[in-house]
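Colleague: I should like to learn how to read burial, contacts and surface charge in a protein model. May we work through an example together?

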Amino acid sequence: MGLFKKLLFYILLGILAVLLLINSNLKTIGAGVAILLFGMIMLEEGFRVFTKGPLQNLLKRATHKLYKSIGVGAVVTALIQSSSLVSVITISFISAGLITLNGGLGLIFGANIGTTATAWLVAVFGLKLQISALAMPMLVFGVVFSFQKKAEFKGLGNVLAGLGFFFLGIHYMKEGFDVFKAYIDLTQYAIPGFWGVVVYTGLGILVTTILQSSSATLALILAALSAGQIEYENALALAIGANVGTTITAVLGSLGSNVAGRRLAGAHLIFNLVTGLVALVFIYPLADLVNILSEIVGIATTDYTLKLALFHTIFNILGVLIMIPFIKKLEHFLLVFFKEKVGQDIDEPKFLNETVLQFPSGVIVSLINEAKYLYENAIFEIVAHGLNIHREAIISNIGIKEIVKGSKEDFKTNVRELYSSKVKTIYGEIIRYATTAQSDLKMTKVQNTRLSEIRIASRKMVEIIEDVRELGRNVSYYLNSDNKYISKEYDKFRKKIVKVLRVIYLFRKEVDREAQYSKLLVLKEEARKGKHQSTKSINKLIRNDLITVDMASSLVNDNDHVNDIVKKLIEVAELLYGETDTLLEVRK
């Protein structure tokens, strides 16, 4: 896939170079497009500074209702002029489990409506006013602010400079088309009728694929339309093609993404294809509707740039209205079509991927979910099987005494192998993501504390495995020993740990949570005291010569291992399942 993207990039680069060599006047238009794209990049970077807290909270809280998520997606995209930034946040939040796929679909649909604001911005300000004069002061102040140390000033500088480059790019595009018209009149190549619609729609798709931005394509179309270089009917088809073409950008961008990114790219593709198909089929009725609405709102009959902006808005809103009744079916299709990877020999992270590193709240929630997954599955299994006890028995209603009494089969558990296959990779990724987040993201004190707690919990899980490995050897060795005294002592060890595992299971399942937590505190205190003193029963066995010296040594050492396991199991549960919801807020 990476080779395909590189090959496509070089092909498009070659086409662009040939076009610029053919006619020097294309250089002005090309420069205008480049300046506009650079301005949009700066705008996005600038808004990132101001939106990391409030925007994330807004998007996260607006997704429980479909109409809210669509509305917020539209408004936010229109204000910050970046559907890609909204998409990045949405993918990050879905990956972290902060929002549902359904809510994410609403945001993406709304973002498509929000992108229509670009057409209005260009048509109303960029082409109607001598905005290039205003662009220069924006660039000057933008550069001045961008050199400041404070992040907010840098953000403001990028926003101002981005707007300056945006409008300057429009100016150069329009000027380029005006000059270009003296040499070649592109309207001579206008194609009327249905085939013209098809051809120019395909051209819109091609141009958007090259520019990797439907907004830039639309600005280019409006500039050419304003200069009289394309016919209005063909411009409508180009706008439809631009909408469809942007899906190629989304698909290419999702090739290396996680399943959440691929699902949203799939939704984007389906939405824009459906919207484009409907707009193509009903292009003439929609054009008539634009004429009617233009008369009502006072848009001149010959003001084709404003009419194109209106057309672009109408068919995007129409696309959303068509898709809303099918959003549940679309969600089901995406979940079935893009499935999570299963069945790997070595367990890999289930919640961690590069997209969650975009924002603090996303990476924290993902790390918590990953640590919980590790604790509830791999650690639970290793501890239980290390003691030769089935997990199903621990979470059942069977008495602990009966469980231990009936568990006399040696599972021959290889703890080291289980660590390598089920824990090592995930543990390494938890540490890597936590370290990256703390170094690359701007975290609050509370967020940094939470990340440190997740790292501590993960390290304790690894220590538990090491203790179980030491304990498990003797548990298996003395499981069916002829010496009933040593077997009884190791059964006591097993009962102690099984009891803790059961209480932790009930605690994390929130079954009478306060009562279970009180039990854990008692068990933790008992383990703390037991770590520093041998039990009376062991001392009695040693005094009465009921066990050998080697057995006594094993019991004393394993008593420490048991108390360490109990204490660490409870500490991890406290760190991962304690009352820490407030620590997940994006800002305090």
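Modeller: The discussion below takes up burial and contacts, then surface charge. Please keep in mind that this is a predicted model.

Colleague: Is alanine 267 buried or exposed?

Modeller: A residue is called buried when its relative accessible area is under 20%. Alanine 267, which is found in helix 13 (residues 259–281), has 0% relative accessibility and therefore counts as buried.

Colleague: Which residues is alanine 267 in contact with, leaving aside its neighbours within four places in sequence?

Modeller: Contact means heavy atoms within 4.5 Å. With those neighbours left aside, alanine 267 touches Leu105, Phe109, Leu330 and Leu334. One can also compare sequence with space: isoleucine 108 and alanine 267 are 159 residues apart in sequence, and their C-alpha atoms are 8.3 Å apart.

Colleague: How should threonine 201 be read, as buried or exposed?

Modeller: Threonine 201 lies in helix 10 (residues 193–211). Its relative accessibility is 5%, so threonine 201 counts as buried. Beyond its neighbours within four places in sequence, threonine 201 is in contact with Ala237, Ile240, Gly241 and Leu280.

Colleague: Which residues gather in a patch of positive charge on the surface?

Modeller: Lys and Arg count as positive. Here the patch is formed by Lys401, Lys405, Lys484, Lys488, Lys540 and Arg543. At least two of its residues come from each of helix 19 (400–406), helix 22 (484–508) and helix 24 (536–543).

Colleague: Why does lysine 484 count as exposed?

Modeller: The term exposed requires over 50% relative accessible area. Lysine 484, found in helix 22, counts as exposed because its relative accessibility is 58%.

Terms used. Residues numbered from 1 in each chain as written. Predicted model: local features only at pLDDT ≥ 70, side-chain atom pairs only at ≥ 80, totals over all residues. Heavy atoms only, no water. Patch = residues over 30% accessible without salt bridge, like charges linked within 9 Å, V, L, I, M, F, W, Y side chains within 5 Å. Areas by Shrake-Rupley, 256 points an atom, 1.4 Å probe, with all protein chains shown as cover. Salt bridge = Lys/Arg side-chain N within 4 Å of Asp/Glu carboxyl O. Charge placed at Lys NZ, Arg CZ, Asp CG, Glu CD. Helix = DSSP H or I, 4+ residues; strand = E, 2+ residues; numbered from the N terminus. Buried < 20%, exposed > 50% of the residue type's maximum accessible area, 1.4 Å probe, protein only.
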